[in-house]
Structure formats: structure tokens, C-alpha cells
Amino acid sequence: MPRLNSPRVTSWSKYAIDLAVWVAAAPLAFLLRLEGDIAGFAGTLAAYTVAGGGLKALAVWLFGLYRRPWRWVGVSDVHGILLMVGAISAVLGLTAALFEGYLVPRSVPFIEAAVAVLGLSAVRLLRRWSHERPRTPHHDDSRRVLVVGAGDAGVLLVRELLRQPDSGL
């Protein structure tokens, strides 16, 4: 049985988080577009969410953004999210426009794309923030340290010292 922090388990958990956030964007888009009154669109919402869920699961797997380390997320990751969400949103929007019987409001795919990009980016940025935020020392016997004349290397050194409270500095 794999350990909980093994790369394989971590990769699949990130895949599940990506998929859950993106699939949850569809009902949220309907709620935002219809201002909470989704009673008349329950069937449409269910069909759109289920059909979109399959496409999204495939896209998350094909684009493989969940395989990248989230603690060092950057602009290239957000670019990948934009491409992935944009491609699937275009497909869902065109499909919704072709099927007149389901009557998906035309703005829903756009709202869903915006919510998905924000949600997928937020999950990654929260992970990076939790990795980079300075932790306060747990020791009362910590000493103050002055780093002089080290430039960028000094900044990196101080960040590492703050991330490693066990160093005692």
C-alpha cells in the first residue's frame, strides 16, 4: 500500500481536487447567472454538469497540470489552466448552443470558465502560500540573526531560516 505522501497518492489527490473544483464551477455558474433561482433549470444543470464532468476529467488528465508541484506554482501554471479551461469551455459552449432543448443560458459557459480559472488557480496559490509563508519559531530560545552584505543570497537564506524554525535562529 502506498504511503499517503507518496508521489502517486499526491498526484491522484491533486487530480481529484482539480476535477472537484472544476465540476463545482458549473452549478455555481448557474447559481450566479440565474441569481439563485435554478428550479426551472434543474434538468439542464444536471445534464450540463454530468456531460461537462466527463470532458473535464479527460482534460485534467490530458493536460496533466495536477502532476506539476503546486508549491512552486507560477504564471506558466495559470497559462496552462487558461488553455485547459478555455478549450473545454468552448466545446461546452458550442455544444450547449447546438442543443436547443436544454436551453443553457449562453453566459453560463463563460461564467463557469471564470469561476473554474479562479478556483483552480486559488487552490494552487494557497498551496504555494502555505509553503512560503514565514513560520514563527516554536522555541523561546531562538536567537536573532543579522545577515549583512549577502544581497539576493541573503534574502534566500533568511527565507529558508524562517521556513526552518528548528534551526534555532
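Rings of Phe, Tyr and Trp, the last taken by its six-membered ring, count as an aromatic pair if their centres lie within 6.5 Å, and a pair is called edge-to-face when its planes are over 60 degrees apart. With that definition in hand, the structure, which is a predicted model, holds 3 aromatic pairs.

**Figure 1. Overview of the predicted model, a protein with 5 helices and 0 strands.** Read from the N terminus on, the elements of the protein follow the order α-α-α-α-α. The protein has 169 residues, of which 32% count as buried, and it exposes about 11,000 Å², with carbon and sulfur atoms supplying 66% of that area. When contacts in the protein between residues at least 6 apart in sequence are considered, 76% of them join residues at least 24 apart.

**Figure 2. Close-up of the aromatic pair formed by Tyr-15 and Tyr-66.** The two rings are arranged edge-to-face, at 5.2 Å centre to centre and with 75° between the planes. This pair links distant parts of the chain, since Tyr-15 belongs to helix H1 (residues 7-33), whereas Tyr-66 sits in the loop between helix H2 (42-63) and helix H3 (75-98), 51 residues apart. Tyr-15 has a relative accessibility of 14% and therefore counts as buried, and Tyr-66 likewise counts as buried because its relative accessibility is 3%. Trp-12 joins Tyr-15 and Tyr-66 in one aromatic cluster. In the view of Tyr-66 one may also look for Ser-11, a residue of helix H1, which is in contact with Tyr-66 and Arg-67 when its neighbours within four places in sequence are left aside. Ser-11 has a relative accessible area of 18% and is therefore buried, the cut-off being under 20%.

**Figure 3. Close-up of the aromatic pair formed by Phe-30 and Tyr-48.** The ring centres of Phe-30 and Tyr-48 are 5.7 Å apart and their planes meet at 70°, so this pair is edge-to-face. Because Phe-30 lies in helix H1 and Tyr-48 in helix H2, the pair ties together parts that are 18 residues apart in sequence. Phe-30 counts as buried, with a relative accessibility of 0%, and Tyr-48 counts as buried with a relative accessibility of 6%. Not counting residues up to four places away in sequence, Tyr-48 touches Ala-26, Phe-30, Leu-92, Val-104, Val-108, Pro-109 and Glu-112.

**Figure 4. Close-up of the largest nonpolar core, which has 28 residues.** Within this core, the residues that touch the most other members are Trp-22, Phe-30, Tyr-48, Met-84 and Val-85. The elements giving two or more residues to the core are H1, H2, H3 and helix H4 (108-132), and the largest share, 7 residues, comes from H1.

**Figure 5. Close-up of the loop between H1 and H2, with Glu-35 and Phe-41.** Most residues other than glycine have a negative phi. In Glu-35, by contrast, phi is near 55°, a positive value in a residue other than glycine. Glu-35 is exposed, with a relative accessible area of 74%, while Phe-41 is partly exposed, with a relative accessible area of 23%. Phe-41 touches Phe-30, Leu-34, Leu-103 and Pro-105, not counting residues up to four places away in sequence. Of these contacts, the one with Pro-105 joins residues that are 64 residues apart in sequence, with their C-alpha atoms 9.6 Å apart in space.

**Figure 6. Close-up of helices H3 and H5 and their buried residues.** H3 has 24 residues and reaches 34 Å from its first C-alpha to its last, which is close to the 34 Å expected at 1.5 Å a residue. The buried residues of H3 are Asp-77, Gly-80, Ile-81, Met-84, Val-85, Ile-88, Ser-89, Leu-92 and Ala-96. An α-helix has 3.6 residues a turn, so residues three or four places apart point the same way. Helix H5 (residues 151-163), with 13 residues, reaches 19 Å from its first C-alpha to its last, close to the 18 Å expected at 1.5 Å a residue. In H5 the buried residues are Gly-154, Leu-161 and Arg-163, and what covers them includes H4.

Key
Residues numbered from 1 in each chain as written. Predicted model: local features only at pLDDT ≥ 70, side-chain atom pairs only at ≥ 80, totals over all residues. Heavy atoms only, no water. Helix = DSSP H or I, 4+ residues; strand = E, 2+ residues; numbered from the N terminus. Buried < 20%, exposed > 50% of the residue type's maximum accessible area, 1.4 Å probe, protein only. Contact = heavy atoms within 4.5 Å. Areas by Shrake-Rupley, 256 points an atom, 1.4 Å probe, with all protein chains shown as cover. Phe/Tyr/Trp six-rings, centres within 6.5 Å; stacked < 30°, edge-to-face > 60°. Core = buried A, V, L, I, M, F, W, Y, C linked by side-chain atoms within 4.5 Å. Expected span 1.5 Å × (residues − 1).
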